[in-house]
Amino acid sequence: MSKKVIIVGGHGNVSLRLTRLLTPKHTVKSVIRTQDYEDEIRNLSAEPVLLSLEDSPVSDFTAAFEGQDVVYFSAGAGGKGGEERTKRVDYEGAVKVFDAIEGVQGPKPRLILVSAIDVRDPANIPAHYNEEDIASSRRVRTAIAAYMHWKYEADKNLVKRDKFKWTILRPGGLSNEPGTGKAAVGRTHITRQISRDDVAKALELLLDREDAAGLAIDIVGGDTPLEEALDAAIKKGETDFLG
Ligand SMILES: NC(=O)c1ccc[n+]([C@@H]2O[C@H](COP(=O)([O-])OP(=O)(O)OC[C@H]3O[C@@H](n4cnc5c(N)ncnc54)[C@H](OP(=O)(O)O)[C@@H]3O)[C@@H](O)[C@H]2O)c1
C-alpha cells in the first residue's frame, strides 16, 4: 500500500538512494537544509521541505510530520564541525525529531532511524564479539569517539520512548560499492562493510515491517538475501541495542 514518508537528512548519500527506491510507489518528502538541493530532490519525484536540525524549532518538525506514516532519520554531521556539531546534529537533532513525533496530533508516524553498529555502553562488550570484532571496535571508538558517544546517547533516549513506534537500523561501515542485495542481519561480526545501496534497500523493506517496532537491527555485508535476512532477524525479535 502506498505510504506517506518523510526523510530527515534527505540529501544524504543513503537518503538519496532510499528516495529513488520509494518514489515510484510512495509519496516522499525530503528534509533538506539548503535550497541548493531543491531541484535535485524534485527531479527524484520527492517534495523538498526546508528545515535544519540545528536551527529549526521542534514545532516546525511536528508540522512537517503531521499526516505522515513514517519518518526516516538518516542525518548526521559526518564529522564536520567537531564534537559540538556532532552533538547538535546526531544527538540533539535526533532528540528534536523524537520530540516532534510525540507532538503530532492524531496518529503518530513510525520512526525508522539509521544509527551505527557497535553503538553501546563502551564497558559492555557484546558476548558474540570475537577478537577481531573487539580490535575493530577499539580502533573505531578511538578514531570517532564523539560520534559513537552521541549516537549512543540518541539511541538510549529513543529506546525509552513508547508514544510512537520506532525501529533502529545499525549498519556497519558504509561503502559506495554497488549493492549486492545480500547482507548479514542481527547479531553478527562487525568488521564487514555494507554498501549504501543495500542499507537503502533494507530501509525500504522496513517500511512494511511494523513488526520491527522496538527493535535495533545490526546489518553488515553478508551472503544472505536481504529480505530473508531481515525477515529472520525481525521474527527472532531480539534487539541488537544492548545498552
Ligand atoms: N559513514 C559510515 O561508515 C556510517 C556507518 C554507519 C552509520 N552511518 C550513519 O548512516 C547515516 C547515513 O549516512 P550517509 O552516508 O547517507 O550520510 P551523509 O551523506 O553524510 O548524510 C547526512 C545528511 O545529514 C544532513 N544534515 C547534516 N546536518 C543537518 C542539519 N543541521 N539539518 C538537517 N540535515 C542535516 C546532511 O545535510 P547536508 O547535505 O546539507 O550536509 C546530509 O544530507 C548517518 O546517520 C551516518 O551517521 C554512517
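Which loop holds Ser-45? I looked and found Ser-45 between α2 (38-43) and β3 (47-50). Note to self before going on: this is a predicted model.

**Entry: two odd phi values**

I stayed with Ser-45, since its phi is positive, about 70°, and it is not a glycine. I counted 13 other C-beta atoms within 10 Å of Ser-45, so it goes down as partly exposed.

Asp-118 is another non-glycine with a positive phi, about 75°. I traced Asp-118 to the loop between β5 and α5. Is Asp-118 buried or exposed? It has 22 C-beta neighbours inside 10 Å, and the cut-off for buried is 20 or more, so I wrote down Asp-118 as buried.

**Entry: helix α8**

Next I went through α8, residues 226-236. I listed its buried residues as Leu-226, Ala-229, Leu-230, Ala-233 and Ile-234. How do they sit around the axis of α8? Looking down the axis, I get an arc of 130° that holds the buried residues, so they line one face of the helix. The spacing in the list fits the usual rule: an α-helix has 3.6 residues a turn, so residues three or four places apart point the same way.

Turning the helix round, I found Glu-228, Ala-232 and Lys-235 exposed on the face away from the buried side. On the buried side, the cover includes β8 (182-185), α7 (196-206) and β10 (216-225). I also checked what follows α8: it is Gly-237, with a positive phi near 70°.

**Entry: Ile-217 on β10**

β10 had come up as cover for α8, and I picked out Ile-217 in that strand. Ile-217 has 26 C-beta neighbours inside 10 Å, so it counts as buried. Which residues does Ile-217 contact, leaving aside neighbours within four places in sequence? I noted Thr-167, Ile-168, Leu-169, Arg-170, Val-185, Gly-186, Ala-212, Ala-233 and Asp-240. Ala-233 is one of the buried residues of α8, so that contact belongs with the α8 entry. I also took the C-alpha distance from Ile-217 to Ala-116: 9.6 Å, with their positions 101 residues apart in sequence.

**Entry: helix α6**

Does the length of α6 add up, or what span should I expect? At 1.5 Å a residue, the 15 residues of α6 (145-159) should span 21 Å, and I find the end C-alpha atoms 21 Å apart, which agrees.

I listed the buried residues of α6: Tyr-147, Met-148, Trp-150, Lys-151, Tyr-152, Ala-154, Asp-155 and Leu-158. Lys-151 and Asp-155 are among them. Their cover includes α4, β5 (110-114), α5 (131-143), β6 (166-171) and β10.

His-149 is in α6 too. With 18 other C-beta atoms within 10 Å, I put His-149 down as partly exposed. From His-149 to Gly-221 I get 24 Å between C-alpha atoms, for 72 residues along the chain.

**Entry: Asp-133 on α5**

α5 is part of the cover over α6, and Asp-133 is in α5. Asp-133 has 18 C-beta neighbours inside 10 Å and so counts as partly exposed. Which residues does Asp-133 touch, not counting those up to four places away in sequence? I found His-189, Ile-190 and Thr-191. Arg-192 is 59 residues from Asp-133 in sequence, yet I get 9.9 Å from C-alpha to C-alpha.

**Entry: the nonpolar core**

I then looked up the largest nonpolar core, which has 69 residues. Within it, Val-71, Tyr-72 and Phe-73 have the most contacts. Which element gives this core its largest share? It is α4, with seven residues. This suits the general tendency of nonpolar side chains to be buried together in soluble globular proteins.

I followed Tyr-72 outwards, skipping residues up to four places away in sequence. Tyr-72 touches Val-5, Ile-7, Val-8, Leu-18, Ile-112 and Leu-203.

**Entry: around the ligand**

Last, the ligand. I have 23 residues around it, and those that come nearest are Gly-12, Val-14, Leu-53, Ala-75 and Gly-76. How do the shell residues divide by type? I get nine nonpolar, twelve polar and two charged.

α1 (13-22) and α4 (82-102) each give at least two residues to the shell. The largest share, three residues, is from α1. So α4 goes in my notes twice, once for the core and once for the ligand shell.

Methods:
Residues are numbered from 1 along each chain as its sequence is written. This is a predicted model: local features need pLDDT of at least 70, side-chain atom pairs count only at pLDDT 80 or more; totals for chains, interfaces and linings use all residues. A residue is buried if 20 or more other C-beta atoms lie within 10 Å of its own, exposed if 12 or fewer, and partly exposed in between; C-beta atoms are placed from the backbone. Helices (H or I, at least four residues) and strands (E, at least two) are DSSP runs, numbered from the N terminus. The arc is that of the directions from the helix axis to the C-beta atoms. Two residues are in contact if their C-beta atoms, placed from the backbone, lie within 7 Å. A residue is near a molecule or strand if its C-beta atom, placed from the backbone, lies within 6 Å of it. Ala, Val, Leu, Ile, Met, Phe, Trp, Tyr, Cys and Pro count as nonpolar, Asp, Glu, Lys and Arg as charged, and the others, Gly among them, as polar. A nonpolar core is a set of buried Ala, Val, Leu, Ile, Met, Phe, Trp, Tyr and Cys residues joined through C-beta atoms within 7 Å. The expected span of a helix is 1.5 Å times one less than its number of residues.
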